[in-house]
Amino acid sequence: MQTEINSALQILKQGGLILYPTDTVWGIGCDATNPEAVEKVFKLKQREDSKALICLVADDRMLNKYVKKVPEVAFNILDVADNPITIIYDDAQNLAENLIAEDKTIAIRIPNNDFCFQLLRRFNAAIVSTSANISGQPTPKSFKEIAPEVLKGVDYVVNLHREKICNKPSSIIKLGNDGVVKIIRQ
């Protein structure tokens with residue numbers, strides 16, 4: 001696994017795209033602080049840049065780096081969640097501008113996956129995580145379902161967990177600083 005982490009780190013630091021297994025589905029990833037890398041993700045997915053992307057962070061400390069004020073209830077939700085959960089936070093900061101939604105929100109998940117955790121810790125920055133498909137096409141449930149144009153469009157494909165079947169992406173909730181909680185995807 002360390003060899004795969006080192007190879008992925010090298011690509012991320014160069015502003016490239018990786019294809020990697022997460023705690024949910026296979027993801028297309030890049031440095032979430034690099035606007036040129038984020039733009040490459042939008043181009044590969046053939047997706048409007050007005051549609052926000054999710055990013056991953058390693059832990060609470062890293063989460064606080066990218067959100068001005070994390071609502072206290074977020075930590076409670078993360079502590080009790082049985083399944084992967086992505087939370088949309090107000091007042092994103094220290095990320096590529098083209099990654100932050102027009103309303104200044106950002107979707108962030110702390111993955112429960114050893115590879116992702118170690119990669120994020122070593123990279124010491126948020127990493128984009130968007131499903132490994134062209135926009136509008138179904139999310140691949142396994143590595144073998146990933147379209148050839150996605151495989152060719154990334155700079156590195158992580159050679160781990162290729163046999164894993166992924167049933168569904170994470171749940172998504174929006175946590176406003178005003179205390180309003182909205183379920184986006186169950």
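This report describes the confidence of a predicted model and its two largest pockets.

**Confidence**

The model is predicted, and its chain has an average pLDDT of 92. A pLDDT of at least 70 is reached by 98% of the residues. Strand S6, residues 127–128, has the highest confidence, at 98. The lowest is found in strand S10, residues 181–185, with a mean of 87.

**Largest pocket**

The largest pocket holds about 640 Å³ of space. It is lined by 30 residues, and those closest to its centre are Arg-47, Ala-52, Ile-54, Ile-172 and Arg-185. Five strands each give two or more residues to this lining: S2 (26–29), S5 (106–109), S7 (130–131), S9 (171–175) and S10. Among these elements, S5 contributes the most, with three residues. Strand S10, which helps to line this pocket, is also where confidence in the chain is lowest.

**Second largest pocket**

The second largest pocket has a volume of about 270 Å³. Its lining has 13 residues, and Leu-78, Ala-81, Asn-83, Ile-110 and Asn-112 lie closest to the centre. Helix H4, residues 72–80, supplies the largest share of this lining, three residues.

**Lining by class**

The table sets out the classes of residue in each lining.

| Pocket | Nonpolar | Polar | Charged |
|---|---|---|---|
| Largest pocket | twelve residues | eleven residues | seven residues |
| Second largest pocket | six residues | two residues | five residues |

Conventions. Residues are numbered from 1 along each chain as its sequence is written. This is a predicted model: local features need pLDDT of at least 70, side-chain atom pairs count only at pLDDT 80 or more; totals for chains, interfaces and linings use all residues. Side-chain values use heavy atoms; hydrogens and water are left out. pLDDT is the predictor's confidence in each residue, from 0 to 100. Helices (H or I, at least four residues) and strands (E, at least two) are DSSP runs, numbered from the N terminus. On a 1 Å grid over the protein atoms alone, a cavity is a set of points where a 1.4 Å probe fits but cannot get out, and a pocket is an open set with protein on both sides within 12 Å along at least five of seven lines; lining residues have an atom within 4 Å of a point. Grid points are joined across faces, edges and corners, and a volume is the space filled by probe spheres set on the points. Ala, Val, Leu, Ile, Met, Phe, Trp, Tyr, Cys and Pro count as nonpolar, Asp, Glu, Lys and Arg as charged, and the others, Gly among them, as polar.
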